[in-house]
Amino acid sequence: MKNKIPKLCHHKGRNLGYTTNPRTKAVTYHGQWGLRETKSNYEKWLAEYLSALTQPESQSSEDTTPIGEPMLADLVTAFMQWADGYYRNPKTNLPTSQHHVLRSAIRELKPWVESGMLCKDFKTKDLLAVRAAIVHRDIMPQSQFTPKKKLSISSVNILICKIRLCFKKGVEFGLVPEPVFRALMCVQNLNWRTAPTLRNPDTIKPAETVSIEKIQSYLKPVYQLLMKVHRTTGMRVKELVGMRWSEITPEKNDPTLYCYQPSTHKNSHRGQERKIFIHEDLITAMKSIRKKVWEKDFVWCSTGKGINAGYSGQMTSAAYYLAIKGAIRRYNRDNKIQIERFTPLQIRHLVATEIRETDGIEAAAAQLGHARLNTAEIYAEQSFTKTKERARIKPK
């Protein structure tokens, strides 16, 4: 009887992809269902499982492969070992977002790695072939809210830059000849002339104040207050839903303010301190809306529905997103005037734009927690309100 190949199954209760080993009956979870990384983890597991079936029991465990010139597999292994230690938050010991970007980039080299290519034989034509393969294929959704679409020009360029970084570190490790890396650096980045079929990433527009006000009656009280805090502070969505009472303390110099200092945030691994000031009236409202069944330290709690059914605990970004989406849908159903959909990120952009208009870009950067002004400029749209007011003054 032939051995059946284990399939990637869907655990609907936990929304995870898993496989069962027919020999040991052990269950292995590969990640959230529908993600590209989950499918990649399953393929890796399946390859190891099939190789274990075909390997003779009498085969020696020692590696008898003769030592020769370094291959791409050696380069990838050395590079990811370096990245595992370098791109890691020293406080939480968790990998940063850049670590996941590197894994996505290195995954594009899989056909060349499996072919056993030597590092010295990887030429510019191979890097161009990698880029062409990325451009002409559809990617799987990276989250439950991302539709299936082609990568943007900037996303493709980022992946190619990370691959070049791998070969740069290879020169440092002594695995890649220096002329190979110099040749790869000559590959020009894509732009709208060289890749006219690729989409440019759409600029994220700030949410409209009128739209936010219209959907308030269609939100539950907890989400109304959550959006009010978000509308006032402009903090990141994960900072908002992950608030803890242990991280909120009264401000010493001002009794009307409280200071929220999240222990983990986007730039915590760089040693950057994050302070978010909240008015005491909002703190009082946050305490009054709490329910007895909520965890003591969590500021916001929710119960999961739909794909998150069975979840009960600290509020998630998905719950906040779905609450806004549902409120907009119910408003459009009950009213003839339709409002455009917006996301929590667009509320952050709205706060940044308003602060820039009244107090300048430096104040917007401080409020958003950005170390660089050019990053704040992406969030805060330039407003010409003051310019128009100045132009309305009659010349003397």
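This is a guided tour of a predicted model, moving from the whole chain to two small sheets, a helix pair and the cysteines.

**The whole protein**

Begin with the entire protein in a cartoon view, where 16 helices and eight strands can be found. If you colour the 396 residues by accessibility, the buried ones make up 36% of them. Among contacts with a separation of 6 or more, 59% are accounted for by residues 24 or more positions apart.

**The sheet S1-S2-S3**

Select residues 9-11, which are strand S1, and then residues 27-32, which are strand S3; these are the edge strands of the sheet, each pairing on one side only. Adding strand S2, residues 16-20, completes an open sheet of three strands in the order S1-S2-S3, with antiparallel pairing. From one strand to the next, the twist averages 40°. Now look closely at S1 and S2, which run antiparallel and are joined by three bridges. To see one residue pair here, show His11 and its bridge partner in S2, Leu16.

**The helix pair H2 and H6**

Next, select helix H2, residues 72-86, together with helix H6, residues 153-173, whose axes lie 9 Å apart and which pack at an angle of about 95°. With that angle, H2 counts as roughly perpendicular to H6. Which residues make the contact? On the H2 side, show Leu72, Leu75, Ala78, Phe79 and Trp82, and on the H6 side, Lys162, Leu165, Cys166, Phe167, Lys169, Gly170 and Phe173. Coloured by residue class, the residues of this contact divide into nine nonpolar, one polar and two charged.

**The cysteines**

Stay on Cys166, which belongs to the H6 side of that contact, and ask whether this residue is buried or exposed. Cys166 has a relative accessible area of 0% and is therefore buried. Cys161, in contrast, counts as partly exposed because its relative accessibility is 35%. Why is there no bond from the sulfur of Cys166 to the closest cysteine sulfur? That sulfur belongs to Cys119 and is 8.1 Å away, which is too far for a bond, given that a disulfide requires sulfur atoms within 2.5 Å. Across the protein, the count of disulfides comes to zero.

**The sheet S4-S5-S6 and helix H11**

Move on to residues 248-250, strand S4, and residues 276-279, strand S6, the edge strands of another sheet, each of which pairs on one side only. This is an open sheet of three strands, antiparallel in its pairing and ordered S4-S5-S6. Its neighbouring strands are turned against each other by 35° on average, with direction ignored. Add helix H11, residues 280-288, which packs on the sheet and touches S4, S5 and S6, its direction making about 75° with that of S6.

Then select strand S5, residues 257-260, and follow its antiparallel pairing with S6, which extends over four bridges. Two cross-strand positions can be displayed here: Tyr258 has Ile278 of S6 as its bridge partner, while Cys259 stands opposite Phe277 in S6.

Finish with the side chains of S6 itself, and ask which residues form its covered face. Ile276 and Ile278 lie on the covered face, whereas Phe277 and His279 lie on the uncovered one. In a regular strand, side chains alternate between the two faces of the sheet. Returning to the two cross-strand positions, the partner of Tyr258 is Ile278, a residue of the covered face of S6, and the residue opposite Cys259 is Phe277, which belongs to the uncovered face.

Key
Residues are numbered from 1 along each chain as its sequence is written. This is a predicted model: local features need pLDDT of at least 70, side-chain atom pairs count only at pLDDT 80 or more; totals for chains, interfaces and linings use all residues. Side-chain values use heavy atoms; hydrogens and water are left out. Two strands pair if DSSP finds at least two bridges between them. Axes are lines fitted to C-alpha atoms, for helices over the stretch in contact, and angles run from 0 to 180 degrees between N-to-C directions. Angles under 35 degrees count as roughly parallel, over 145 as roughly antiparallel, 65 to 115 as roughly perpendicular and the rest as oblique. Contact means heavy atoms within 4.5 Å. Ala, Val, Leu, Ile, Met, Phe, Trp, Tyr, Cys and Pro count as nonpolar, Asp, Glu, Lys and Arg as charged, and the others, Gly among them, as polar. Buried means under 20% relative accessible area, exposed over 50%, partly exposed in between (1.4 Å probe, protein chains only).
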